[in-house]
Amino acid sequence: REGLISLCRNALMEQAKARVLNTQLQHKIAEYLARKKQTDDRPDPGRNVTDQEKRYIQCMAVLDTLHQELRDTKAKCDLQERELEELRTLKVSEVQQAMKDFAAYKKETALTAVHSRTGKKLTQQEVDQYLELESRKESDVIRARLENIKLQNKIHRQETILKQKDQLAEGLHMIDFEQLKINNVDLNEKIEERNEEITKLKKKNMATVQVLTHLKEKLQFLQTENSEKRANLREVEAAVAHKRDLLNRTKQTRDMLRMDNLHLRQRGGLVVHTALLRDFEEQKDEVGSVEGPCVCACVCFNVITSLERVTEGASGVSKGQTPGANCSMRWNEKED
């Protein structure tokens, strides 16, 4: 059992050392990559591509070798772990068997033993109680030992880490100081940029405030002007409504006058038609100008007929009407 505990302790110590070494190597790789990034920010245009390919192939070969070593180490550790596990299982079974044999021996001895004060033998129940109490105490001792081993291993790991940190403290402190200086320069540049941006934003804010003030004043002026125009609009709308009412009444009056005029024209006859009156007057003048010669012709015709009537006598009367009578009848029709 002690051998197994020592083996486990050695394995834990090796694991702690491996972890510390891994952490240190990772720090170194990070620092190397940071320095390389700072130096290789601007790529060299004259660098040959073939050299880069060779370096890449070499790096890949080294990486494969490291992977193979890691696999070999892992297989070896797994094999060692299985062997230790088998050995631990065997030892644990042996220890448990020895403890059972020892417990049986103690029980047998206790049953045959005699109490020093009373001179009586111990009962089965008392022996079982003593053995159970001893078993609990033994379990507590085992737990305390395991806890002690864990704490000792932890102390040893912490001491190892502190020693290694002390060894790397100087170089790491210098590297951290340089890195902090670089970070400080970068932060100062960023602070200057932010200050410039803040100055620009302040100027822009002042210009915006001025523009906003001007816009507010203009808005107030436009609101006042708008209220005045709305008042004028209401007055104009009222005047338009009044004019519209007057227009409607005027249209109604016009329609009434038009109807009255139409009725008067219908009842007036020729009085309202100037052209017809003028034509009637012209026709009347023409009739008057023709009437004189017609009267003379009729008189002459009557004289002639009277002479014929004298000469012919009663024969002309018996035959019917004469041309003079026809003429007189036509004259009478014209007069009518």
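These exercises, each with a worked solution, explore the predicted model shown above.

Residues are numbered from 1 along each chain as its sequence is written. In this predicted model, local features need pLDDT of at least 70, side-chain atom pairs count only at pLDDT 80 or more, totals for chains, interfaces and linings use all residues, and side-chain values use heavy atoms, with hydrogens and water left out.

**Exercise 1. The chain as a whole**

State how many helices and strands the chain has, and what percentage of its residues count as buried.

Solution.
- Step 1: Take the DSSP runs, numbered from the N terminus: helices are H or I, at least four residues, and strands are E, at least two.
- Step 2: The chain has six helices and zero strands. Its pattern along the sequence reads α-α-α-α-α-α.
- Step 3: Buried means under 20% relative accessible area, exposed over 50%, and partly exposed in between (1.4 Å probe, protein chains only). Of the 336 residues, 5% count as buried.

**Exercise 2. A buried residue**

Locate Asn-153 and name the residues that it touches, not counting residues up to four places away in sequence.

Solution.
- Step 1: Asn-153 sits in helix 3, residues 124-268.
- Step 2: Its relative accessible area is 5%, so Asn-153 is buried.
- Step 3: A contact means heavy atoms within 4.5 Å. With residues up to four places away left out, Asn-153 touches Arg-9 and Leu-12.

**Exercise 3. A salt bridge between helices**

Find the salt-bridge partner of Lys-106 and say which helices the pair ties together.

Solution.
- Step 1: A salt bridge puts a side-chain nitrogen of Lys or Arg within 4 Å of a carboxyl oxygen of Asp or Glu. By this rule there are seven salt bridges.
- Step 2: Lys-106 pairs with Glu-134, and their closest N and O atoms are 2.2 Å apart.
- Step 3: Lys-106 lies in helix 2 and Glu-134 in helix 3, so the bridge ties together parts 28 residues apart in sequence.
- Step 4: Check exposure. Lys-106 is partly exposed at 22% relative accessibility. Glu-134 is partly exposed at 35%.

**Exercise 4. A salt bridge within one helix**

Give the separation in sequence of Lys-229 and Glu-225.

Solution.
- Step 1: Lys-229 forms a salt bridge with Glu-225, with the closest N and O atoms 3.4 Å apart.
- Step 2: Both residues lie in helix 3. They are four residues apart, about one turn of the helix.
- Step 3: Glu-225 has a relative accessible area of 27%, so this residue is partly exposed.
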